[in-house]
Amino acid sequence: NEVNDTGHIRNDSTVFSAIGNGPLVLVAPHGGNLLPEDIPDRASGCVEPDTNSAQLAWSIYRSLRPKYQHSDVADNNNYPSLIIGKIHREKVDYGRPRYTSCNCDGDNSNGL
């Protein structure tokens with residue numbers, strides 16, 4: 001994983017995020033491919049992942065970093081933020097409210 005200069009990195013079992021200090025946030029909530037057995041499958045809604053959305057977000061993030069470093073935005077030390085959901089949409093839809101994002105029945109034992 002790539003680490004940005006702000007040092008605000010979260011890379012756990014559910015989400016990767018690199019929190020920048022620029023005005024842009026790149027988000028790929030439906031690009032995950034992990035299928036943890038302890039999270040039940042969703043019973044309704046779209047369960048198909050967005051094809052290559054995580055890879056596209058990474059590519060855009062990497063291409064923008066040099067542009068931000070040499071721009072006139074603020075003090076030339078701005079970086080975009082990047083957030084990628086790691087769990088497959090069959091299990092969790094990060095784009096939904098928490099109570100409808102998964103079939104967890106209020107049980108938060110799996111961290112969701």
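**Entry 1: the hairpin**

I started at the first turn and found a hairpin of 3 residues joining β1 to β2. I should say what I was looking at: this is a predicted model, where local features need pLDDT of at least 70, side-chain atom pairs count only at pLDDT 80 or more, and totals for chains, interfaces and linings use all residues. Residues are numbered from 1 along each chain as its sequence is written, and side-chain values use heavy atoms, with hydrogens and water left out.

I noted how the elements are named. Helices (H or I, at least four residues) and strands (E, at least two) are DSSP runs, numbered from the N terminus.

**Entry 2: the list of elements**

I counted 1 helix and 4 strands in the protein. From the N terminus on, I read the order β-β-β-α-β.

**Entry 3: the sheet**

How are the strands ordered in the sheet? I found an open sheet of 4 strands in the order β1-β2-β4-β3, with mixed pairing. The edge strands are β1 and β3 (residues 25-28), and each pairs on one side only. Neighbouring strands are turned by 10° against each other on average, direction ignored. For that angle, axes are lines fitted to C-alpha atoms, and angles run from 0 to 180 degrees between N-to-C directions.

I looked up pairing too. Two strands pair if DSSP finds at least two bridges between them. Strands of a sheet pair through backbone hydrogen bonds, either parallel or antiparallel.

**Entry 4: strand β2 and its partners**

I checked β1 (residues 9-11) against β2 and found 3 bridges, with the strands antiparallel. I9 has A18 in β2 as its bridge partner.

Then I turned to β4 (residues 81-85). Here 4 bridges join it to β2, and these strands also run antiparallel. F16 has I84 in β4 as its bridge partner. S17 stands opposite I83 in β4.

Which way do the residues of β2 (residues 15-18) point? V15 and S17 point one way, F16 and A18 the other way, and all are buried. Buried means under 20% relative accessible area, with a 1.4 Å probe and protein chains only.

**Entry 5: the whole chain**

I looked up the totals last. Of the 112 residues, 37% count as buried. The protein exposes about 6,700 Å², and carbon and sulfur atoms supply 50% of it. These areas come from the Shrake-Rupley method with a 1.4 Å probe.

Terms used:
Buried means under 20% relative accessible area, exposed over 50%, partly exposed in between (1.4 Å probe, protein chains only).
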